[in-house]
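This report describes the fold, the packing and selected residues of one protein chain. The sequence and the coordinates come first.

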Amino acid sequence: MNALLSVAFVICWSSGFIGAKLGAGSADAVTILMWRFLPLALVLGAFAVVRARAAWRGLTARDLLRQCVIGALSQSGYLLTVYYAIQLGVSSGTTALIDGTQPLVAGALAGPLLRQYVSGRQWLGLCLGVAGVLVVTSADAAAARGVPLWAYAVPFLGMLSLVAATFLESRARRTVAPSVAMTIHCGTSAVVFTVLAAASGAAVPPAEASFWMAVGWLVLLATFGGYGLYWLVLRRSGVLRVNTLMFLMAPVTAVWGAVMFGEPFGPQTAAGLAVALMAVAVVRGRAGDPAGGATGDPAGGAAGDPAGGAAVGGNSGDVPARRVDNGTRV
């Protein structure tokens, strides 16, 4: 099950880069994001009132505020920078490359922040992943023309925003059901992007069918698929492993872009994809247990009940790291 969830997560998360490129030619980034999240927040809010009220019981104002901050970081901050970078002319592959450095940052911070220490083998996998992503996208970045240098810092800021959201969620003392978290996150993003769009005079959507196709693509694949699976895989597999899957985003985006947009796909891209796959195998796999978990609960949550399991690292940031993967501390 974990393997299938991981494959679905990689495909759906990669679809966000493709959807951003689909919509970039028809509207501003804030317009696309406003109309991506506003209807979604209304639907999720109605569902929470009618069908999911039990999941909200016991949550304090502090819990709700924490989820608002996580949503602002993991959706609003992250997506705005990705879309804005593509709008500035940074290619989807290069944006995926910069986003692909997230595992290395998360791996370096997991020890001091969560006491989830990274082994030498896992660092090898992390470095291989960075190498694979660089191989795939270096040619594209070198060929870019007319893009200001500071534009490449924009998706980097978004990557840091998502890393911050991941660790904030991991240190939460109370577990919030994924349905509740997604409702709060989407509601927060809807408010943020509506305010930004209205302030910039970009709230009115264009009439082109391509715009609404891009919005539908992003809602179904990127939000429900990619974003929902991100937190599910995070709770089942832990910070390091879910972020290791990020190494696959740039190669998959490159393949997808070649098929959908006719972007070049040559031996360099294929080699980078192979290295990225090797990195995931090194970090995640071990003999006799391809999932890499010693107990079926490597993240600190209940494996049979991902919606109710504890956050990564346990219920609190004060609990000691547990030993998994044959004694490896992660």
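Against which helices do the buried residues of helix 2 pack? They pack against helix 1 (2–24), helix 3, helix 8 and helix 9. Buried here means under 20% relative accessible area, exposed means over 50%, and partly exposed lies in between, with a 1.4 Å probe and protein chains only. Helices (H or I, at least four residues) and strands (E, at least two) are DSSP runs numbered from the N terminus.

The model is predicted: local features need pLDDT of at least 70, side-chain atom pairs count only at pLDDT 80 or more, and totals for chains, interfaces and linings use all residues. Residues are numbered from 1 along each chain as its sequence is written, and side-chain values use heavy atoms, with hydrogens and water left out.

**Overall fold**

The protein chain has twelve helices and two strands. In sequence order the pattern is α-α-α-α-α-α-α-α-α-α-α-α-β-β. Of the 330 residues in the protein chain, 51% are buried. Contact means heavy atoms within 4.5 Å. Among contacts between residues at least 6 apart in sequence, 87% join residues at least 24 apart.

**Helices 2 and 3**

The buried residues of helix 2 are A29, V30, T31, I32, L33, M34, R36, F37, L40, A41, L44 and A48. The span of helix 2 (residues 29–50) agrees with expectation, because its 22 residues should cover 32 Å at 1.5 Å a residue and its end C-alpha atoms are 32 Å apart. The expected span is 1.5 Å times one less than the number of residues.

Helix 3 (residues 61–88) has 28 residues and reaches 38 Å from its first C-alpha to its last, close to the 40 Å expected at 1.5 Å a residue. A kink of about 30° in helix 3 is centred on A72, where the bend at a residue is the angle between axes fitted to the seven residues ending there and the seven starting there. G89, just after helix 3, takes a positive phi of about 115°.

**Nonpolar cores and aromatic rings**

A nonpolar core is a set of buried Ala, Val, Leu, Ile, Met, Phe, Trp, Tyr and Cys residues joined through side-chain atoms within 4.5 Å. The largest one has 66 residues, of which F9, W13, F37, Y83 and Y230 touch the most other members. Helix 9 (residues 209–237) supplies the largest share of this core, 13 residues. Another core, of six residues, lies apart from it and includes L59, V176, V180 and I184.

F9 is in contact with G226, L229, Y230, V233, V242, L245, M246 and M249, leaving aside neighbours within four places in sequence. Ring pairs link F9, W13, Y78 and Y230 into a cluster. The structure holds eight aromatic pairs. Rings of Phe, Tyr and Trp (its six-membered ring) pair if their centres lie within 6.5 Å; planes under 30 degrees apart count as stacked, over 60 as edge-to-face and the rest as tilted.

**Selected residues**

M159 is in helix 7 (residues 153–170) and is buried, at 0% relative accessibility. Not counting residues up to four places away in sequence, M159 touches Y78, I98, D99, T101, Q102 and V105.

T183 lies in helix 8 (residues 178–199) and is buried, with a relative accessible area of 11%. Leaving aside neighbours within four places in sequence, T183 is in contact with L44, G45, A48 and W56.

D63, in helix 3, is buried at 14% relative accessibility. With the same neighbours within four places left aside, D63 is in contact with G58 and R174.

G146 sits in the loop between helix 6 (120–143) and helix 7. At 79% relative accessibility, G146 counts as exposed.

The table lists C-alpha separations for three residue pairs.

| Pair | Apart in sequence | C-alpha to C-alpha |
|---|---|---|
| M159 and V82 | 77 residues | 8.8 Å |
| G146 and G89 | 57 residues | 7.7 Å |
| D63 and T175 | 112 residues | 9.1 Å |

**Cysteines**

How many disulfides does a search of the whole structure find? The search finds zero disulfides, a disulfide being a pair of cysteine sulfur atoms within 2.5 Å. C12 is buried, with a relative accessible area of 14%, and C186 is buried, with a relative accessible area of 0%.
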